[in-house]
Amino acid sequence: MVTSVPRLVVAAPSSGSGKTTVATGLMAAFAARGLAVSPHKVGPDYIDPGYHALATGRPGRNLDAYLCGPELVAPLFLHGARGCDLAVVEGVMGLYDGAAGQGELASTAQVAKLLRAPVVLVVDASSQSRSVAALVHGFASWDPQVRIGGVILNKVASDRHEELLRDALDSAGVPVLGALRRAARVDTPSRHLGLVPVAERRSDAVDAVAAMAAQVEQGCDLEALLALARGATALPGTPWEPPAGPAEQRKVVAVAGGPAFTFSYAEHTELLAAAGADVVTFDPLHDEQLPEGTAGLVVGGGFPEVYAAELSANEPLRKAVAGLALSGAPVAAECAGLLYLCRELDGRPMCGVLDATARMTERLTLGYRDAVAVTDSPLAVAGTRMRGHEFHRTAVEPGAGAAPAWGVRSPARRVEGFVQGGVHASYLHTHWASEPGVARRFVERCRTS
């Protein structure tokens, strides 16, 4: 199958150049013009896709060549972009930065090549003038298979500064498709793991996205950007589809949501639903009981450390979660979910499913991981290999139970996580599309436990 989807990849020479502002602003500006815009993010990040979803009204989706493998990037893209007029893909880090020590793997450049998509380079021009031409020329010529279709200049100081930058770029052979002035009103607040998620900001996030759209609308040539996207060559391949399970005996799978648990990949709920689950979202900050008929529980990532007092105060739900786990029902917990299942977090009582304590630390744990399942669990049989990602500033003691969840090869060999009855709890974030059997196995366990 060959599919033609107008598409752009928004990249930058380095982090902090303004990719999120430009990508989110473009998504919102084009959506405001009546286009159906498909939002995507390169890499494992959960937070930016929340702003993308707010800008477009569609789920923000990740494209991660490390977690899912390069062969799934185009199918997952086509799945998300089906029926859309335009797809905007926000890059990660610098254009050519990927998984440490693995060449271009998981870089924005690799994803752009896999999607056959033109790249728009966002350049922080705040401290340069003529040098911008050398910078852009270097990025445009580094890999001939990466097509830099245009430049958007960010943090331009004045009309005179813009004139100097445009004059310099005339010699680089890459068109300037926009010039954005500094605008504090579009800044989004950050904390220890990056931007504050949309679910925690509510109306402030809506205002921030509207400001991004207004700035991009004013400073960018939207017609030229749309023409560039429409010039992308046809993309061969078949859209990804979650494999279907039995239609009968559907079971309720409760998925934690709300401000404390905002990290999830859209494909996870799609996989669960296709496998035969009725997925119901609940908010552990406010809901005192699990959804009626809950046969399985998924607690993903987020910021429970920020809401430890509120989570602890909701004693009825903590007891309900503990009771479900004690019954042997399948429970899948990643990172924040792991903390929630511990005996306590920063001294505050949590669910007590695991005989472990969690606390905030100063140390950031960050990076891709190669992992193998050590113990049979509701997610995987021992020996199943998956790739994951860690991103946290917390520590759990002990770091693994008597039956660990994963054996991790990098950065050092170790075991990690807990398998206990029907519980699988770990720091590792995984993308289930890379191993669809995870969702099928989990839902089947819901039927039999």
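Cys 335 is a buried residue, with a relative accessibility of 6%, where buried means under 20%. Its backbone is worth a look too: phi is positive, about 55°, although Cys 335 is not a glycine. You'll find Cys 335 in the loop between strand 15 and helix 13 (336-341). Bear in mind as we go that this is a predicted model.

Arg 116 makes a nice companion to that residue. Arg 116 isn't a glycine either, and it has a positive phi of about 50°. The loop that holds Arg 116 runs between helix 4 (108-115) and strand 6 (119-124). Is Arg 116 buried, partly exposed or exposed? Its relative accessibility is 46%, so Arg 116 counts as partly exposed, a label for values between 20% and 50%.

While we're on backbone oddities, go to Glu 397 and Pro 398. The peptide bond joining them is cis, with omega at about -5°. Pro 398 belongs to the loop between strand 19 (385-397) and strand 20 (406-408).

Now for the sheets. One of them is an open sheet of 7 strands, with parallel pairing and the order 4-3-5-2-6-7-8. Strand 4 and strand 8 (176-181) are at the edges with a single partner strand each, so each has one side without a neighbour in the sheet. Step from strand to neighbouring strand and you turn by 25° on average, direction ignored. For a closer look at the pairing, take strand 3 (residues 37-42) and strand 5 (residues 86-90), which run parallel and are joined by 5 bridges. Here Val 37 sits opposite Leu 86 of strand 5. Helix 9 (residues 222-230) lies across strands 2, 5, 6, 7 and 8 of this order, and its direction is at about 115° to strand 2 (7-11).

There's another open sheet to trace, this one with 6 strands in the order 13-12-14-15-23-22 and mixed pairing. Its edges are strand 13 (277-282) and strand 22 (418-420), each of which pairs on one side only. The twist from one strand to the next averages 15°. Inside this sheet, strand 12 and strand 14 pair in the parallel sense over 4 bridges, and Val 255 stands opposite Val 298 in strand 14.

Helix 12 packs on this sheet, touching strand 13, strand 14, strand 15 and strand 23 (423-426), and its direction makes about 110° with that of strand 14. Helix 14 (residues 437-448) lies across strand 12, strand 13, strand 14 and strand 15, and runs at about 145° to strand 14.

Let's zoom in on one residue of helix 12 (residues 315-326), namely Leu 324. Which residues does Leu 324 touch, leaving aside its neighbours within four places in sequence? They are Leu 290, Thr 294, Gly 296, Leu 297, Ala 329 and Val 331. Leu 324 has 11% relative accessibility and therefore counts as buried. For a sense of scale, the C-alpha atoms of Leu 324 and Ala 433 are 26 Å apart, with their positions 109 residues apart in sequence.

Asp 283 is another residue to stop at, in the loop between strand 13 and strand 14. Is Asp 283 buried or exposed? With a relative accessible area of 14%, Asp 283 is buried. Not counting residues up to four places away in sequence, Asp 283 touches Gly 257, Gly 258 and Pro 259. Val 255, the residue we met opposite Val 298, lies 28 residues from Asp 283 along the chain, and their C-alpha atoms are separated by 8.7 Å.

Finally, some empty space. Rolling a probe the size of a water molecule over the atoms shows where such space is left. The second largest pocket has a volume of about 790 Å³. It is lined by 40 residues, and the closest to its centre are Thr 262, Phe 263, Ser 264, Tyr 265 and Ala 266. Which element gives the largest share of this lining? That's helix 10, with 5 residues. Among the other elements that supply at least two residues each are helix 2 (47-56), strand 4 (61-63), helix 7 (198-201), strand 12 (251-256), strand 14 (294-299) and strand 15 (331-334). Sorted by class, the lining of the second largest pocket has 23 nonpolar, 14 polar and 3 charged residues.

Terms used: Residues are numbered from 1 along each chain as its sequence is written. This is a predicted model: local features need pLDDT of at least 70, side-chain atom pairs count only at pLDDT 80 or more; totals for chains, interfaces and linings use all residues. Side-chain values use heavy atoms; hydrogens and water are left out. On a 1 Å grid over the protein atoms alone, a cavity is a set of points where a 1.4 Å probe fits but cannot get out, and a pocket is an open set with protein on both sides within 12 Å along at least five of seven lines; lining residues have an atom within 4 Å of a point. Grid points are joined across faces, edges and corners, and a volume is the space filled by probe spheres set on the points. Ala, Val, Leu, Ile, Met, Phe, Trp, Tyr, Cys and Pro count as nonpolar, Asp, Glu, Lys and Arg as charged, and the others, Gly among them, as polar. Buried means under 20% relative accessible area, exposed over 50%, partly exposed in between (1.4 Å probe, protein chains only). Two strands pair if DSSP finds at least two bridges between them. Axes are lines fitted to C-alpha atoms, for helices over the stretch in contact, and angles run from 0 to 180 degrees between N-to-C directions. Contact means heavy atoms within 4.5 Å.
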